[in-house]
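Student: I would like to learn how to read a protein model feature by feature, from the overall fold down to individual side chains. Could we work through one together?

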Amino acid sequence: MPSSALFLAFRYLRPKRSFVSIITLISIVGVTLGVGVLVVVMSVFKGWQVEFKKLLLGFEPHIVLMQDARPVGELPEGAPPIQRSNWRDVQKLILQQPGVISATPMAEGIAAIRFGKSDPEGVELLGLKEGADNALLTKLDRHRIAGTFDLKSDHIIITDRLAKKLKVKVGDVLSVLAGDTIRQMIRNLRAAEEEKDPAKSKAVRDEIVIVPQELTVTAILRADTAGERCYTPIHIAQELFNLEGDVSGIEVELSDPDLADRLAYQWMNSEVLPIDWRPRTWTDIHGYMLQTVENQKSLLYFLLFFIILVAAFCVMNTTITVTTQKRKEIGILTALGARAGQIIGIFLTQAGIVAMLGIFTGLASGFTVLHFRNDLREFIAARTGRDFFPQDIYFLSEIPAKIEAADLSSICALAVILCVLAALIPAWFAARVDPAVALRE
């Protein structure tokens, strides 16, 4: 019966008076649209997810080792003094661990930057050590837009977004003040205002002398998703943040960034790190953003599922129409000894054929749209004056796309399953037709 079911399914799909059945064509178009839209949306979203992760990893150290603050207050009686470990010893120890490419010191903090008489802009300032062994510098240099990636002397590297705010270019000199210095100045000013003795108040004010660092812009980088982040030589940052030769942490680059959490956990529990050091991975900072993207993908998949569901109802409508038109033929088959399961198999095969044709044309149309996606974006932007994939939001100049076999398989399987299930109900009712009643009609 399988071969005869396939023959009858194709025969029932073709009308008597024309070559193509309109209701069959509508069903195929419905499946085509559902599959095509799912392929395009899921591929673009997956591509953006991959590029977004690359963007994060292109700016962030894979692991940052931070040293706990110095203990404050008196220790319990009889307790031995807490000895702070030397960051150089920790650096040597981390470089010996498998999977580590580089481990270099860094100094970070909040600073205020201004150009001329402009309003100060708050930024995150990272002091890095220049050298061939610093893999983070190699990553950052890929995002350079202008200038030379040079972290020597009194240089600073800023983002294009900050350069636009301050209206500066490569070679301009910026005034930089540490956030702690500004807060201390505010505290001193408040103390001077609260001082009742005018002479003492004036003396306090006279002692407030703030000399900003004058740093020359040597390069401009593309802005990342973390906000305004600037880079300067480590000795400049140590001076700004009063570290006195100490560092804020050690940035670690790995051969596989996806192992950051596992390695950090191992270092913590195998006593590789001294007790006063703690790791901070790139997923600790941006993991919630990646999880948000994954949640959005799942939500999109759920919403687009209803497109395929509508197409499945079109297939159900086709099956209902065919079973009604072929009622007498079904009665003849039943009278000749065809079982109910064989009758159902004919119409399920028919639904499967419609689904496969829709999937084939849907994949073809989806791949075509993906191939010309950036041309379509430019065409729509030119006609409407609005870019639906703005670079300042998605941080990408082109629409990305990544086609995965698992996504295609799930889309195709979903379309076939829904179409077959939609045809099952009318096929079941068709199989229950009384041949005597059907032949009298």
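Tutor: We will go from the whole chain to its cores, its salt bridges, its cysteines and its surface, keeping in mind that this is a predicted model.

Student: How many helices and strands does the protein chain have, and what percentage of its residues count as buried?

Tutor: The protein chain has 16 helices and 10 strands, and of its 441 residues 44% count as buried. For the contacts, one looks at sequence separation: among those in the protein chain with a separation of 6 or more, 80% are between residues 24 or more positions apart.

Student: Which residues touch the most other members of the largest nonpolar core?

Tutor: A nonpolar core is read as a network of buried side chains, joined through atoms within 4.5 Å. In the largest one, which has 50 residues, the members that touch the most others are Leu65, Ile94, Ile113, Ile156, Ile158, Val252 and Trp267. Trp267 shows what such a position looks like: leaving aside residues up to four places away in sequence, Trp267 touches Ile63, Leu65, Ile94, Gln97, Val100, Val252, Leu254, Val272 and Leu273. Another core, of 30 residues, lies apart from the one just described, and its members include Leu38, Val315, Ile399 and Leu414.

Student: Turning to charged side chains, how many salt bridges does the structure hold?

Tutor: A salt bridge is read from the distance between a side-chain nitrogen of Lys or Arg and a carboxyl oxygen of Asp or Glu, with a cut-off of 4 Å. The structure holds four of them. One of these joins the side chains of Lys46 and Glu404, at 3.8 Å from N to O. This pair links distant parts of the chain, 358 residues apart, with Lys46 in helix H2 (residues 22-59) and Glu404 in the loop between helix H14 (391-394) and helix H15 (405-431).

Student: Is Lys46 buried or exposed, and which residues does Lys46 touch?

Tutor: Lys46 counts as buried because its relative accessibility is 16%, and the cut-off for that class is under 20%. Its partner Glu404, at 25% relative accessibility, counts as partly exposed. Not counting residues up to four places away in sequence, Lys46 touches Lys297, Lys402 and Glu404.

Student: Which side chain meets that of Arg229 in a salt bridge?

Tutor: The side chain of Arg229 meets that of Glu124, at 3.4 Å from N to O. Arg229 belongs to strand E8 (residues 229-233) and Glu124 to strand E3 (residues 121-128), so the pair ties together parts that are 105 residues apart in sequence. Arg229 is buried, with a relative accessible area of 7%, while Glu124, with 22%, is partly exposed.

Student: What is the distance between the closest N and O atoms in the salt bridge of Asp172 with Lys169?

Tutor: In that salt bridge, the closest N and O atoms of Asp172 and Lys169 are 3.6 Å apart. Asp172 is buried, with a relative accessible area of 14%, whereas Lys169, at 54% relative accessibility, counts as exposed.

Student: How many disulfides are counted?

Tutor: A disulfide is a covalent bond between the sulfur atoms of two cysteines. With a cut-off of 2.5 Å between the sulfur atoms, the count here comes to zero disulfides. Burial is a separate reading: Cys230 counts as buried at 0% relative accessibility, and Cys412 counts as buried at 19%.

Student: How far apart in space are Arg161 and Glu228, C-alpha to C-alpha?

Tutor: Separation in sequence and separation in space are two readings of one pair: Arg161 and Glu228 are 67 residues apart in sequence and 7.5 Å apart in space, C-alpha to C-alpha. Arg161 lies in helix H5 (residues 160-166) and, at 31% relative accessibility, counts as partly exposed.

Student: Finally, which residues make the nonpolar surface patch?

Tutor: For the surface as a whole, the protein chain exposes about 24,200 Å², and carbon and sulfur atoms supply 59% of that area. The nonpolar patch, of about 410 Å², is made by Val369, Phe372, Leu376, Phe379 and Ile380. Helix H13 (residues 373-384) contributes the largest share of the patch, three residues. Phe372 lies in the loop between helix H12 (340-371) and H13, and at 40% relative accessibility Phe372 counts as partly exposed.

Key. Residues are numbered from 1 along each chain as its sequence is written. This is a predicted model: local features need pLDDT of at least 70, side-chain atom pairs count only at pLDDT 80 or more; totals for chains, interfaces and linings use all residues. Side-chain values use heavy atoms; hydrogens and water are left out. Buried means under 20% relative accessible area, exposed over 50%, partly exposed in between (1.4 Å probe, protein chains only). Contact means heavy atoms within 4.5 Å. Helices (H or I, at least four residues) and strands (E, at least two) are DSSP runs, numbered from the N terminus. Patches are made of residues with over 30% relative accessible area and no salt bridge: like charges are joined within 9 Å, nonpolar side chains (Val, Leu, Ile, Met, Phe, Trp, Tyr) within 5 Å. Accessible areas come from the Shrake-Rupley method with a 1.4 Å probe; for residues, only the protein chains shown count as cover.
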